[in-house]
Amino acid sequence: MKNHYIPILLTALMLAGACRKRVEYIYMDPPTPPRALADRLPGDWTPSFVTYSAQIDLGQQGLPPINVSGITENPNGRLTVQKDPKTLTIQLQFTASIDLGLGFPVPLPVNINLTGTYDISTDEKQIILTQTNGEKLTLKVLTNEHNVQVWRTTYPFQTPLLGTLPIDMIITFVKNQAK
């Protein structure tokens, strides 16, 4: 009876040796990381949308606050960014509409001019603009694409009658094509 197991054992060993896989390694280049924000920013950009909201405090006049919000398509302005030296200029003009309940909106011209140097956070989620007057403005990066940047910020807009009015904005910029 022992003789029957020897051929089966030899056959099993031969099959196991024949079925052994040869392992081959394929070495690939590591994936190319996405282009960094610092590489995408330099150039000229045009604002295409501004979404804004603010609250006008009329408590001193004994009135409730007024909420202001809206979207402006194709506002006037431009964004210019240089890499070396790291400078950033934002010029943005649009008209916000304020509803005072009079049956027609009251226009509020918004004119923003910012110039200064910038730093980018290590996680590339924020741009910190140090303006020429020393004030800092944080721009949160919502979208970082080759031809589109979307940023969120709160800008302390100065108005003659209302004083400082913090405006929350989401600004979409489209990169101008080199000519």
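This text leads through a predicted model, from its overall fold to its internal spaces and then to individual residues.

The protein contains two helices and nine strands. Read from the N terminus, the elements follow the order α-α-β-β-β-β-β-β-β-β-β. Of the 179 residues, 29% count as buried. Among contacts with a separation of 6 or more, 47% join residues that are 24 or more positions apart.

The enclosed spaces come next. A general point helps here: empty space is revealed by rolling a probe the size of a water molecule over the atoms. In this protein, two cavities of 30 Å³ or more are counted. The largest cavity holds about 60 Å³ of space. Its lining consists of Tyr52, Ser53, Ala54, Ile56, Val68, Ala96, Ile98, Leu108, Val110, Leu165 and Ile167. Two or more of these lining residues come from each of strand S1 (43–56), strand S4 (87–99), strand S5 (105–120) and strand S9 (163–175). S1 gives the largest share, with four residues. By class, 10 residues of this lining are nonpolar, one is polar and none is charged.

The second largest cavity has a volume of about 40 Å³. Around the second largest cavity stand Ile90, Leu92, Ile112, Leu114, Leu137, Leu139, Thr153, Met169 and Ile171. At least two residues of this lining are supplied by each of S4, S5, strand S7 (136–144) and S9. The lining of the second largest cavity comprises eight nonpolar residues, one polar residue and no charged residues. S4, S5 and S9 thus appear among the contributors to the largest cavity and also among those to the second largest cavity.

The largest pocket, an open space, has a volume of about 180 Å³. Its lining is formed by Ile56, Leu58, Ile66, Ile98, Leu100, Val106, Leu108, Thr159, Pro160, Leu161 and Leu162. Here the classes divide into 10 nonpolar residues, one polar residue and no charged residue. Ile56, Ile98 and Leu108 are included in the lining of this pocket, and these residues also belong to the lining of the largest cavity.

Two residues in strands illustrate the surroundings of individual side chains. Val141 is located in strand S7. Is Val141 buried or exposed? Val141 is buried because its relative accessible area is 11%, which falls under the 20% cut-off. Leaving aside residues up to four places away in sequence, Val141 touches Leu37, Glu124, Lys125, Gln126, Ile127, Gln149, Val150 and Trp151. Val141 and Ile120 lie 21 residues apart in sequence, with a C-alpha to C-alpha distance of 9.9 Å.

Thr172 belongs to strand S9. Thr172 has a relative accessible area of 17% and is therefore buried, by the same 20% cut-off. With residues up to four places away in sequence not counted, Thr172 touches Thr46, Pro47, Ser48, Phe49, Val148, Gln149 and Val150. Gln149 and Val150 are among the residues touched by Thr172, and both are also touched by Val141.

Aromatic rings complete the account. The protein has two aromatic pairs. Which ring does the charged end of Lys86 sit over? The charged end of Lys86 sits over the ring of Tyr118, at 5.7 Å from the ring centre.

Definitions and conventions
Residues numbered from 1 in each chain as written. Predicted model: local features only at pLDDT ≥ 70, side-chain atom pairs only at ≥ 80, totals over all residues. Heavy atoms only, no water. 1 Å grid on protein atoms, 1.4 Å probe; cavity = no way out; pocket = protein on both sides within 12 Å on 5 of 7 lines; lining within 4 Å. Points joined across faces, edges and corners; volume = space filled by probe spheres on them. Nonpolar A, V, L, I, M, F, W, Y, C, P; charged D, E, K, R; others polar. Phe/Tyr/Trp six-rings, centres within 6.5 Å; stacked < 30°, edge-to-face > 60°. Lys NZ or Arg CZ within 6 Å of the ring centre and 35° of its normal. Buried < 20%, exposed > 50% of the residue type's maximum accessible area, 1.4 Å probe, protein only. Contact = heavy atoms within 4.5 Å.
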